[in-house]
Amino acid sequence: MYKRLSIVMFPFLLVALIGASVWGYLEHQEKNTILIKAENQYQRAFHDLSFHMDKLHTELGNTLAVNSTAEPSYRKGLVNVWRLTSQAQSDITQLPLTLLPFNKTEDFLANMANYSYRMSVRDMTKQPLTETEIKTLSSLYDHSAEITKEIRGVQDKVMTNNLRWMDVEMALASENEVHDNAIIDGFSIVDKKVGAYEELNWGPGSMGMLSQKKISMLSGNDMTADQIKQKAAQFLGQADTANMQVVENGGNTPENQSFSVVVPSGTNGADSAQMDYTKKGGHLIYFMKPRDVKESKFDLRQARDIANEFLDQHEYKDMSAVSYDQYQNIANIIFAKREKDVTIYPQQISVKVALDTLEVIGLQATDYIYGQVQRNIGQPKITAAEARKQLSPNMKVTGESLAIIKNDLDEEVLCHEFIGKMNNNLYRVFINADLGMEEKIETIRPDQAQAAANKTT
């Protein structure tokens, strides 16, 4: 009996064993294919980074070699520096370095990209490079040479010893302390050297100075967690603060210091309200009360009116709807500050309204809070009629007003704002009210057209 059963079962067991072996082999092959593909992508990004840093160093040298009066040559060189720096930043984002301290190098490249771009777009016939700016370019040339040398050294080790980036990823993901990894050590050395560089004069539009400038814009003193609870309770219109959870963020970095507040509600904390406040001054920069919105009973115009009333009640005065969108039965309306009949686009607030009950379920006020600066809004030097001459003769203008926007140099400029139709599309065009030059063109989607045509204060 046993022998007969063995004879019958043996073929089935053999087939199962062969099937399991084939399945295991295919799984192993598929896993290897994925690992090889990831490794190849990492290697490509790393070698691209080395190439772009080398080209960046060369381009900085070429830019410094031209005569300072050769404005087109300088502009071309600076555009290439900006392009190569941006490519190097993109290469870094494709490498598994998120767990490795490399922020000094990333900040350095971000400042270099910002610096070269701001100089490349300005009119050098009126604002030629200063001695300070040329000195900064010389320092960038020297620093890029050192960074390139270090990265080349890592590249030589990778190629000579057939090092794998997948090993780096696994080593960084491990909780154990990393030892003797040439790639990690090489990038750590690069970041330490960049961190030791003397602070360069990046000019008024640098990333670091912009962060410090934002902090200086805030009014008021540093707040405590209890004070933030009181502010949150006042905003939500409730008296009890006992169930509020407050967490302080940012550590010792002033520009990142804030408080996060969670106000539980509903069953098991569902539909909890979430809020962020700046530590300095206790300004609300974020509010969200997430929930499912299953249907739309109201339209966007009604949502805009509710959002405008909500802002007015919470002391966000003189706001005008400039655009809105709708997604998953939620209206997202963007408001900008209005002052002396001028729309201040850098000072914006985004409000989310649920279209089933017209409840305000979200607010983003970062630009509004950090945009509260004393502005001296002067009179335009050119008239709207003169500015209109810069528009295409085929554009049918449906609205015009004054507005303040930020140009490519991150400077606020007064503009004539025109809204017009052409080629079955709606456009918003900004013409500099002092120089008569075109500053910016935006395409207005059909679902945004109503807000653009019906600004309210």
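How much accessible surface does the protein chain have, and what share of that surface belongs to carbon and sulfur atoms? In this predicted model, the accessible surface comes to about 26100 Å², and 51% of it belongs to carbon and sulfur atoms. The chain has 457 residues, of which 41% are buried. Its secondary structure consists of twelve helices and twelve strands. Among contacts between residues at least 6 apart in sequence, 59% join residues at least 24 apart.

A single helix may serve as a starting point. Helix H8 covers residues 225–236, twelve residues in total, and reaches 17 Å from its first C-alpha to its last, close to the 16 Å expected at 1.5 Å a residue. Which residues of H8 are buried? They are Ile228, Lys229, Ala232, Ala233 and Phe235. These residues lie on the same side of H8, because they cover an arc of only 160° around the axis. A general property of helices is helpful here: an α-helix has 3.6 residues a turn, so residues three or four places apart point the same way. On the other side of H8, Asp226 and Gln234 are exposed. The cover over the buried residues of H8 includes four strands, namely E1 (245–249), E2 (258–263), E3 (273–278) and E4 (284–288), together with helix H9. Just after H8 comes glycine 237, whose phi is positive at about 70°.

The aromatic rings offer a further view of H8 and H9. The count of aromatic pairs comes to seven. In one of them, phenylalanine 235 and phenylalanine 310 meet edge-to-face, with 5.8 Å from centre to centre and 85° between the planes. This pair links distant parts of the chain, since phenylalanine 235 belongs to helix H8 and phenylalanine 310 to helix H9, 75 residues apart. Both phenylalanine 235 and phenylalanine 310 are buried. Ring pairs also bring in Phe287, so that Phe235, Phe287 and Phe310 are linked into a cluster.

Helix H9 spans residues 300–313 and contains isoleucine 306. Isoleucine 306 is partly exposed, with a relative accessible area of 26%. Leaving aside residues up to four places away in sequence, isoleucine 306 touches Leu358 and Val360. How far apart in space are isoleucine 306 and glutamate 359, which are 53 residues apart in sequence? The distance from C-alpha to C-alpha is 8.2 Å.

Glutamate 359 leads to the charged side chains. It forms a salt bridge with arginine 291, in which the closest N and O atoms are 2.9 Å apart. This pair, too, links distant parts of the chain: glutamate 359 is in the loop between E7 and strand E8 (360–364), arginine 291 is in the loop between E4 and H9, and the two are 68 residues apart. Glutamate 359 is partly exposed at 25% relative accessible area, and arginine 291 is partly exposed at 22%. Both residues take part in a network of salt bridges that links Lys289, Arg291, Asp356 and Glu359.

The whole structure contains 15 salt bridges. Another of them joins lysine 279 and glutamate 248, with 2.8 Å between the closest N and O atoms. Lysine 279 is in the loop between E3 and E4, while glutamate 248 is in strand E1, 31 residues apart. Is lysine 279 buried or exposed? Lysine 279 is buried, because its relative accessible area is 16% and the cut-off for a buried residue is under 20%. Glutamate 248, by contrast, is partly exposed, with a relative accessible area of 45%.

A salt bridge also connects two helices. Glutamate 146 pairs with lysine 193, the closest N and O atoms being 3.8 Å apart. Because glutamate 146 lies in helix H4 (residues 131–161) and lysine 193 in helix H6 (residues 182–195), the pair ties together parts that are 47 residues apart in sequence. Glutamate 146 is partly exposed at 30% relative accessibility, and lysine 193 is partly exposed with a relative accessible area of 30%.

Finally, two loops deserve attention for their backbone angles. Most residues other than glycine have a negative phi. Asparagine 329, however, is not a glycine and has a positive phi of about 65°. Asparagine 329 is in the loop between strand E5 (319–327) and strand E6 (330–339). Aspartate 341 also has a positive phi, near 60°, and lies in the loop between E6 and strand E7 (342–354). With a relative accessibility of 62%, aspartate 341 counts as exposed.

Terms used
Residues are numbered from 1 along each chain as its sequence is written. This is a predicted model: local features need pLDDT of at least 70, side-chain atom pairs count only at pLDDT 80 or more; totals for chains, interfaces and linings use all residues. Side-chain values use heavy atoms; hydrogens and water are left out. Buried means under 20% relative accessible area, exposed over 50%, partly exposed in between (1.4 Å probe, protein chains only). Contact means heavy atoms within 4.5 Å. Accessible areas come from the Shrake-Rupley method with a 1.4 Å probe; for residues, only the protein chains shown count as cover. The expected span of a helix is 1.5 Å times one less than its number of residues. The arc is that of the directions from the helix axis to the C-beta atoms. Rings of Phe, Tyr and Trp (its six-membered ring) pair if their centres lie within 6.5 Å; planes under 30 degrees apart count as stacked, over 60 as edge-to-face and the rest as tilted. A salt bridge is a side-chain nitrogen of Lys or Arg within 4 Å of a carboxyl oxygen of Asp or Glu.
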